[in-house]
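Student: I'd like a close look at one charged patch and the surroundings it sits in, rather than a general tour. Could you start from a single residue and work outwards?

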Amino acid sequence: MGNKYDSNRLIAEFMGATFKEVREEFSVRGEDCVSERVEVYGIKSPNFFCGVPSIGNLKYDESWDWLMLVVERIESLGYISIIERLRQPFVEHRVFFNSINTWEEVANGGRHEDKLTAVYEAVLDFIQWKNKK
């Protein structure tokens with residue numbers, strides 16, 4: 001997946017969010033201005049701000065509170081999450097999801113020395129795999 005904006009949007013879609021593109025035109029000191037954003041609706045999150053959040057406010061890539069909601073959703077679909085901490089020449093975390101019924105490994109895209117990043121990458125890998133099914 002490309003950038004964090006697109007990746008967080010993919011995760012939000014998996015979590016059931018809907019989106020609305022908003023364009024507002026206004027004037028500041030005689031200058032015509034345009035504000036464009038994508039608002040997010042129908043999403044469970046640990047701490048949205050006042051008003052309607054935009055995609056830029058999604059924190060799946062930087063907050064355990066946000067990311068664990070996604071892991072819990074994946075687990076509720078019949079998958080287990082496994083996080084390994086490997087000590088090869090350096091510390092690395094490996095994250096993957098297995099089917100509870102068959103133990104088939106369905107997503108293992110998370111490998112990183114930072115655990116949050118490894119889980120985030122594995123979540124994206126799982127969602128991309130699930131969307132192809």
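Tutor: Happy to! Let's begin with Lys59, which counts as partly exposed because its relative accessibility is 22%. Keep in mind that we are looking at a predicted model. The side chain of Lys59 forms a salt bridge with that of Glu62, with 3.9 Å from N to O. The cut-off for such a pair is 4 Å, so this one qualifies. Its partner Glu62 is exposed, with a relative accessible area of 51%.

Between these two partners we find Asp61, in the loop that runs from strand E2 to helix H2 (64-76). Asp61 is buried, yet it takes part in no salt bridge. Which side chain of opposite charge lies nearest to Asp61, and how far away is it? That is Lys4, at 4.3 Å. A salt bridge needs a nitrogen and a carboxyl oxygen within 4 Å, so the Lys4 pair does not count. What Asp61 does have is a polar contact of 2.9 Å, side chain to side chain, with Asn8. Beyond four places in sequence, Asp61 touches Lys4, Asn8, Leu116 and Tyr120.

Asn8 deserves a look from its own side. Asn8 belongs to helix H1, and it counts as buried because its relative accessible area is 4%. With residues up to four places away left out, Asn8 touches Leu58, Tyr60, Asp61 and Tyr120. Tyr120 therefore appears in the contact lists of both Asp61 and Asn8, at the 4.5 Å cut-off for heavy atoms.

Helix H1 also carries a salt bridge, between the side chains of Arg9 and Glu13 at 3.4 Å, N to O. The two residues are 4 apart in H1, which means about one helical turn separates them. Arg9 is partly exposed because its relative accessible area is 24%, and Glu13 is partly exposed too, at 40%. A search of the whole structure finds 2 salt bridges.

Now go back to the loop and look at Tyr60, which reaches into nonpolar surroundings. Outside its neighbours within four places, Tyr60 is in contact with Asn8, Ile11, Ala12, Met15, Ile43, Trp66, Leu67, Val70 and Tyr120. The largest nonpolar core holds 30 residues, and Tyr60 is among those that touch the most other members, together with Ile11, Val70 and Val123. At least two residues of this core come from each of H1 (4-14), E2, H2, strand E4 (91-99) and helix H3 (115-132). H3 gives the most, with 9 residues.

Following the chain onwards brings us to the start of H2. There, a side-chain oxygen of Ser63 comes within 3.2 Å of the backbone nitrogen of Asp65. The buried residues of H2 are Trp66, Leu67, Leu69, Val70, Val71 and Ile74; Trp66, Leu67 and Val70 are also among the contacts of Tyr60. Is the length of H2 in agreement or at odds with the expected span? Its 13 residues should span 18 Å at 1.5 Å a residue, and the end C-alpha atoms are 18 Å apart, so the two agree. After H2 comes Gly78, with a positive phi near 100°.

A backbone angle elsewhere makes a useful companion to Gly78. Arg29 has a positive phi near 50°, and it is a residue other than glycine. Most residues other than glycine have a negative phi. Arg29 sits in the loop between strands E1 (18-28) and E2 (31-41), and it counts as exposed because its relative accessible area is 84%. On E1 itself lies Arg23, which is in contact with Val34, Ser35 and Glu36 once neighbours within four places are set aside.

To place all this in the wider frame, the chain has 3 helices and 5 strands, running α-β-β-α-β-β-β-α from the N terminus. Buried residues make up 36% of its 133 residues. If you want one image to keep from the patch we started with, take Lys59 and Glu62 joined in a salt bridge, while the buried Asp61 has none and instead makes its polar contact with Asn8.

Key:
Residues numbered from 1 in each chain as written. Predicted model: local features only at pLDDT ≥ 70, side-chain atom pairs only at ≥ 80, totals over all residues. Heavy atoms only, no water. Buried < 20%, exposed > 50% of the residue type's maximum accessible area, 1.4 Å probe, protein only. Lys, Arg positive; Asp, Glu negative; His and termini not counted. Polar contact = N/O pair within 3.5 Å; in protein donor to acceptor, adjacent residues only side chain to side chain. Core = buried A, V, L, I, M, F, W, Y, C linked by side-chain atoms within 4.5 Å. Expected span 1.5 Å × (residues − 1).
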